[in-house]
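The report below describes a model with the sequence and coordinates at hand, going from the overall chain to its strands, to one arginine, and then to the interface.

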Amino acid sequence: MPLFGRSQKSPSEVVKALKEALSALERGDKKVEKAQEDVTKNLGVMKSMLFGSSEAEPQNDILVATLSQELYSSNLLLLLIQNLHRIEFESKKDAAQIFNNVLRRQIGTRTPTVEHICSRPEILFTLMHGYEQQEIALNCGTMLRECCRYEALCKIILYSDDFYNFFKYVEVSTFDIASDAFSTFKELLTRHKMLSADFLENNYERVFSHYQGLLNSENYVTRRQSLKLLGELLLDRHNFSVMTRYISNPENLKLMMNMLKEKSKNIQFEAFHVFKVFVANPNKPKPILDILLRNQDKLVEFLSKFHTDRSEDEQFNDEKAYLIKQIKELKPPPQDLKLEATH
Amino acid sequence: MSKEKGSDDITDGQGAYGSGEREDKKKGGLASFTISYDDLDAVVLGVPVREEMKENVSLHENEHESVTLTDGVDSEKCISHLFFLPKGGYPADMMMDFATDDDFHPALPFFQRVDSADIIYEQKKKRCKIIAGRYAMGDLLGEGSYGKVKECLDCETLCRRAVKILKKKKIRRIPNGEQNVQREIRLLKRLSHPNVIGLFDLQYDDTKKKTYMIMEYCVGGLQELIESTEKKKLPVWQAHGYFCQLLRGIEYLHGQGVVHKDIKPGNLLLSTEGVLKISDFGVAELIDPLAPDDTLTMSQGTPAFQPPEIASGQDTFSGFKVDIWACGVTLYNLITGIYPFEGDNIYRLYENIVSREMLMPTDLEPSLQNLLQGMLEKEPSKRFTLYQIQRHDWVKKHFPMTSECVPIPAMNGDTCRSMTVIPYLHNLHFGSDDDEDVEYVTEHDLEVMRGRRKGSGDFGNHSGIHSKSSKEKHKKDKAMIRKRNLSFCKPS
């Protein structure tokens with residue numbers, strides 16, 4: 001560590017120094033540059049304690065434990081994230097690495113950092129709001145995705161109102177931020193299957209009304225990505241009840257039929273994978289059946305010419321043939337059944 | 001057996017040939033062919049026609065000089081598979097045996113014992129074979145009932161791959177063989193997950209009736225790993241790591257509606273990075289995405305890994321719970337080296353699975369005992385769900401690396417498992433076709449080499465290696481001619 005000289009500071013000293021420097025930055029004193037330098041220096045020291053450096057091994061467990069303890073008790077993690085936009089470019093990356101490393105800490109079955117963040121969920125909310133600031137968005141993204149690995153943290157995020165901001169973040173004009181936000185969004189909804197299945201079921205209306213916005217987005221990438229994710233979510237058995245609910249709503253069917261006709265071949269293809277579930281459903285509700293019957297001939301004709309260049313893809317062709325057959329065989333329900341269905 | 005005896009008599013008293021003579025024999029058009037043996041090819045030079053033999057032989061005038069060896073590069077790679085067709089004909093008694101056979105072939109081979117000194121070996125020529133103009137083949141990785149698995153190099157992407165070669169002839173012989181292959185291909189095409197083996201490409205060779213499945217390259221499986229250790233088990237921390245990966249793979253599969261139905265260490269492979277890959281979807285089943293539950297009716301898995309509901313022969317059962325049970329048996333096996341239920345035969349085994357209490361090794365930590373108990377719960381509805389397992393204390397626990405990691409066993413003495421396609425590529429671009437500079441190794445040389453290899457022990461302290469060389473030794477003791485290659489003589 002030639003740059004920082006003697007690194008024999010104790011964890012509590014480093015934490016204290018970093019905290020002071022961050023507070024100075026926050027206050028916006030005249031000595032901003034000096035404070036920034038201090039932050040950089042102390043983050044460097046902390047990083048080498050956790051990761052080791054070219055000359056030294058990572059510090060022993062006791063030192064790391066003390067460091068983490070100091071981080072929790074001083075509430076430095078929150079302070080660090082709140083001031084992330086104020087620190088130097090390279091140090092932002094150091095901060096994210098330190099955060100992720102401490103987060104992964106585990107003692108037996110316990111994950112103390114996760115417990116700490118659970119008791120201070122502001123950390124998570126601050127991270128999510130990071131997507132609103134261009135200079136820290138990607139750093140916050142890596143930290144958020146690390147948090148997603150833990151069910152408890154994922155749950156806090158999903159069940160917070162701030163989660164719905166993601167529907168905005170995935171559409172921001174800066175492409176790399178929008179994609180980063182989308183990958184975090186996807187991670188949140190797919191990482192912990194049971195959690196997200198419960199979440200989607202309990203918040204069905206709110207989530208899917210927002211989701212509709214993504215599917216109707218002006219932005220091609222958003223439309224395509226969200227449609228693909230929708231297909232994945234619906235066809236995951238964990239979300240079985242969400243799927244049955246989704247495919248019984250005629251509005252959703254109309255949307256998918258419109259997407260089948262989109263200009264983009266890729267969107268058509270993704271839409272096909274959602275559309276097929278509506279048709280394959282053995283218990284189609286009357287409104288769905290009505291729409292399909294009304295368009296029976298047109299659909300058969302359309303599907304016969306649909307993506308005929310995909311001759312290599314056996315699965316797709318099998319499914320397409322199956323759908324055509326299903327639609328051809330559709331019959332209006334007999335009168336008595338109709339009564340039962342409306343009942 | 002009597003034929004073998006007869007041929008013994010014939011070769012009796014024949015001495016060894018000098019190497020110069022061998023060269024002559026070869027040129028003289030006597031039977032010669034090669035069989036691979038270990039990393040060498042055996043060149044067997046013609047057996048001279050002897051006077052006493054001619055007397056025994058019927059007077060068939062056709063001269064059969066070339067020998068066709070049906071399974072020239074059989075995996076057995078054993079020199080005991082030598083067949084000879086003597087120049088001149090066959091003994092009369094053999095003729096009689098086969099004369100009435102419909103399948104009678106004029107080039108019927110005559111079996112003759114070959115003195116080991118008559119066998120010489122040459123370095124196996126690594127002739128590069130490229131399939132579909134894209135995949136350069138390497139060495140054999142393994143062999144199953146469906147065919148061989150070889151290493152290969154994707155010449156377009158330069159990625160290291162494994163290719164599963166499926167022979168139609170072989171598949172037909174297996175019950176449900178063709179159906180299982182189709183099922184595996186169909187499933188693998190739609191699956192994509194880090195813990196599930198990837199299928200990249202499919203190629204068909206219609207003339208050879210072979211299907212090539214280009215898959216992710218794996219260095220071995222958990223079964224090999226266990227077998228390479230003395231106590232047939234892994235350290236707890238290592239087993240924990242694999243188990244967590246298995247859970248992630250199973251979670252994905254079940255999410256896709258796929259019930260694997262044959263989870264066991266033998267079907268859990270490892271990539272070069274040590275990532276676990278669930279493989280072998282031959283008996284897996286896809287649940288209709290719209291089916292309300294996971295009820296299944298058929299199982300073809302491995303008996304020792306079957307749950308009580310299948311062992312007792314129930315008509316329908318929950319598919320996902322079958323995989324949970326098998327995961328439980330797998331974890332039990334990885335950690336203890338034994339199976340929770342055993343039996344001399346399948347009936348006993350099933351009886352024990354259904355009614356016997358599981359023996360829980362007392363030296364396991366309580367949370368692990370609890371987990372195994374939950375996964376190996378006989379009543380499917382009370383058995384842990386995947387979600388319960390994932391949240392279980394033992395699964396969530398962090399296990400530091402407290403003991404040496406059991407490494408992936410070496411293959412052909414190579415602990416690094418370096419790419420075996422390279423010698424073939426080298427031969428393709430720099431090799432020469434003429435055989436003149438080929439060096440021959442005699443049986444005696446081989447013996448010496450083998451002794452040296454064993455003596456020095458520089459091939460690692462791997463028990464795997466030792467057992468392998470002892471196996472070779474064992475093979476050598478067997479009769480030089482084995483009956484099993486006579487399959488082509490059987491009436492079809």
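In chain B, residues 24 or more positions apart account for 68% of the contacts with a separation of 6 or more, a contact being heavy atoms within 4.5 Å. This is a predicted model, in which local features need pLDDT of at least 70 and side-chain atom pairs count only at pLDDT 80 or more, while totals for chains, interfaces and linings use all residues. Residues are numbered from 1 along each chain as its sequence is written, chains are lettered from A and ligands numbered from 1 in the order in which they are written, and side-chain values use heavy atoms, with hydrogens and water left out.

Of the 492 residues of chain B, 47% count as buried, that is, under 20% relative accessible area with a 1.4 Å probe and protein chains only. The secondary structure of the chain comes to 17 helices and 17 strands, taken as DSSP runs numbered from the N terminus, with at least four residues (H or I) for a helix and at least two (E) for a strand.

Three antiparallel pairings of chain B are set out below; two strands count as paired if DSSP finds at least two bridges between them.

| Strands | Bridges | Residues between the strands |
|---|---|---|
| β5(B) (135-144) and β6(B) (147-154) | seven | two |
| β6(B) and β7(B) (159-167) | eight | four |
| β8(B) (199-205) and β9(B) (210-216) | six | four |

Within the pairing of β5(B) and β6(B), Leu140(B) has Lys150(B) of β6(B) as its bridge partner. Further along, Cys152(B) stands opposite Arg161(B) in β7(B), and in the turn of that hairpin Leu158(B) has a positive phi of about 60 degrees. In the third pairing, Leu199(B) stands opposite Met215(B) in β9(B), while Lys209(B), in the hairpin of β8(B) and β9(B), takes a positive phi near 55 degrees.

Which partners does the side chain of Arg160(B) reach? This residue lies in strand β7 of chain B, and its side chain is joined to that of Glu151(B) by a polar contact of 2.8 Å. The side chain of Arg160(B) also reaches the backbone oxygen of Arg417(B) at 2.6 Å. A polar contact is here a pair of N or O atoms within 3.5 Å, of which, within protein, one must be able to donate a hydrogen and the other to accept it, and residues adjacent in sequence count only if both atoms are side-chain atoms. Leaving aside neighbours within four places in sequence, the residues in contact with Arg160(B) include Tyr217(B), Thr272(B), Ser418(B) and Met419(B).

Turning to the interface, 20 residues of chain B are in contact with 21 residues of chain A. The area buried between the two chains is about 1800 Å², of which carbon and sulfur atoms give 55%; buried area is the accessible area (1.4 Å probe) that two parts lose on being put together, summed over both. Two salt bridges are counted between chain B and chain A, each defined by a side-chain nitrogen of Lys or Arg within 4 Å of a carboxyl oxygen of Asp or Glu. Glu151(A) forms a salt bridge with Arg391(B), the closest N and O atoms being 3.4 Å apart. Eight residue pairs are in polar contact between the chains, both residues at pLDDT 80 or more. On the side of chain B that touches chain A, the elements giving two or more residues are α6 (177-190), α8 (236-255) and α14 (393-396) of chain B, and the largest share, three residues, comes from α8(B).

How values were computed: Buried means under 20% relative accessible area, exposed over 50%, partly exposed in between (1.4 Å probe, protein chains only).
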